[in-house]
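Here is a protein model to be read with some care about its vocabulary. Please go through the terms used for it and ask what justifies each of them.

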Amino acid sequence: MDYILEEVQEITLPKVIKWISSTVMIFGGVAPFIPQYREIKRKNDAEGFSLYVCLALLIANTLRILFWFGKRYELPLLAQSMIMNIMMLLMIHLCVKVKNRSQIIRGPDRVFTGIGPAHDEMPLRPKKREYPFDFDWKYFWAWTDFQSYIDFLLVVSLVMSLLTFLLLDFIIYVEILGFLALFMEAMLAVPQLVKNFKSKSTEGMSILMVLMWTVGDVFKTTYFILREAPAQFWLCGSLQVLIDVTILGQVQFYKKGSGPAPHHHSGGRDD
């Protein structure tokens with residue numbers, strides 16, 4: 001009983017704030033994708049979500065996980081990357097399933113290792129074995145089976161893991177690895193900014209979504225600074241905030257703009 005009382009007495013307000021902040025950091029990144037997941041599942045339509053969002057976040061967070069082995073940052077940030085990768089794989093699995101189900105006429109399978117026969121074809125001879133060098137860039141990240149996305153992620157992870165293992169003692173490589181990981185994530189909103197600039201309008205874009213980006217990125221960057229995370233974290237976080245604020249500035253600047261309103265999907269920052 002005394003042990004429990006001592007533990008309770010050691011709980012202070014700063015500790016509680018730290019726990020809450022860490023929890024928000026771990027799960028806050030995937031929160032915006034939960035409504036999107038439910039919407040795709042409810043409408044049985046994945047056309048409004050760009051799988052390239054998943055690609056960018058999978059690569060960025062995989063590199064960030066490897067960065068941890070060279071520069072031990074906080075465990076909540078490491079856990080955040082792992083959970084984000086799981087969420088992106090769940091999004092890909094749902095989108096592939098929905099897209100395949102919605103096809104009226106099923107064409108040839110497009111897989112990471114090549115192109116398979118159409119489902120309605122009955123091959124007269126055994127199917128030719130496919131190898132990685134059958135890869136077709138035309139169908140990159142537009143594969144029709146979930147396994148292809150897993151295979152690609154495994155290849156990237158294995159190659160980068162081997163490279164990191166060999167170059168782990170080179171501080172320049174470790175720093176560049178961390179910068180690339182965080183910079184890729186920071187650039188997710190740039191396509192939206194460019195789209196607004198080209199159309200001279202922000203109509204059709206969810207202002208609430210951008211506000212959520214901004215609040216989340218400000219919180220994240222503040223957390224990085226207060227927790228003394230490696231410089232790559234707060235530098236790229238500051239860049240994200242700058243991009244968010246610029247987009248909010250576009251909302252005011254183009255408020256009275258005329259012209260066709262681009263249709264904006266809420267699937268991510270780069271669709």
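The questions and answers below take up the terms applied to this predicted model.

Q: What makes up the secondary structure of the protein, and which pattern does the protein follow along the sequence?
A: The secondary structure comes to 10 helices and two strands, and, read along the sequence, these elements follow the pattern α-α-α-α-α-β-β-α-α-α-α-α. Of the 271 residues, 39% count as buried.

Q: Why is tryptophan 141 called buried?
A: The relative accessibility of tryptophan 141 is 3%, and since buried means under 20% relative accessible area, tryptophan 141 is therefore counted as buried. Its place is in the loop between strand S2 (114–118) and H6.

Q: What is notable about phi of tryptophan 141?
A: Phi of tryptophan 141 is near 60°, a positive value in a residue other than glycine. Most residues other than glycine have a negative phi.

Q: Why is glutamate 228 called exposed?
A: Glutamate 228 has a relative accessible area of 69%, and the term exposed applies over 50%, so glutamate 228 is classed as exposed. Glutamate 228 lies in the loop between helix H9 (207–226) and helix H10 (231–253), and its phi, near 55°, is likewise a positive value in a residue other than glycine.

Q: Why is phenylalanine 179 described as partly exposed?
A: The relative accessible area of phenylalanine 179 is 40%, and because partly exposed covers the range between the 20% limit for buried and the 50% limit for exposed, that is the term for phenylalanine 179. Phenylalanine 179 is found in helix H7 (residues 171–186), and it belongs to a nonpolar surface patch formed with Ile171, Ile172, Ile176, Leu180 and Phe183, with about 570 Å² of accessible area together.

Q: Why is H4 called roughly parallel to H6?
A: The axes of helix H4 (residues 51–70) and helix H6 (residues 146–167) come within 10 Å and cross at roughly 30°. Angles under 35 degrees count as roughly parallel, which means that H4 is roughly parallel to H6. The crossing of H4 and H6 is right-handed.

Q: How do you know that valine 96 is buried, and how many residues along the chain separate valine 96 from threonine 144?
A: Valine 96, whose place is in helix H5 (residues 75–102), has a relative accessible area of 7%, and the limit for buried is under 20%, so valine 96 is buried. Valine 96 and threonine 144 are 48 residues apart along the chain, while their C-alpha atoms are separated by 6.2 Å.

Key: Residues are numbered from 1 along each chain as its sequence is written. This is a predicted model: local features need pLDDT of at least 70, side-chain atom pairs count only at pLDDT 80 or more; totals for chains, interfaces and linings use all residues. Side-chain values use heavy atoms; hydrogens and water are left out. Patches are made of residues with over 30% relative accessible area and no salt bridge: like charges are joined within 9 Å, nonpolar side chains (Val, Leu, Ile, Met, Phe, Trp, Tyr) within 5 Å. Accessible areas come from the Shrake-Rupley method with a 1.4 Å probe; for residues, only the protein chains shown count as cover. A salt bridge is a side-chain nitrogen of Lys or Arg within 4 Å of a carboxyl oxygen of Asp or Glu. Helices (H or I, at least four residues) and strands (E, at least two) are DSSP runs, numbered from the N terminus. Buried means under 20% relative accessible area, exposed over 50%, partly exposed in between (1.4 Å probe, protein chains only). Axes are lines fitted to C-alpha atoms, for helices over the stretch in contact, and angles run from 0 to 180 degrees between N-to-C directions. Angles under 35 degrees count as roughly parallel, over 145 as roughly antiparallel, 65 to 115 as roughly perpendicular and the rest as oblique. A crossing is left-handed if the near helix is turned anticlockwise from the far one by less than a right angle, and right-handed if clockwise.
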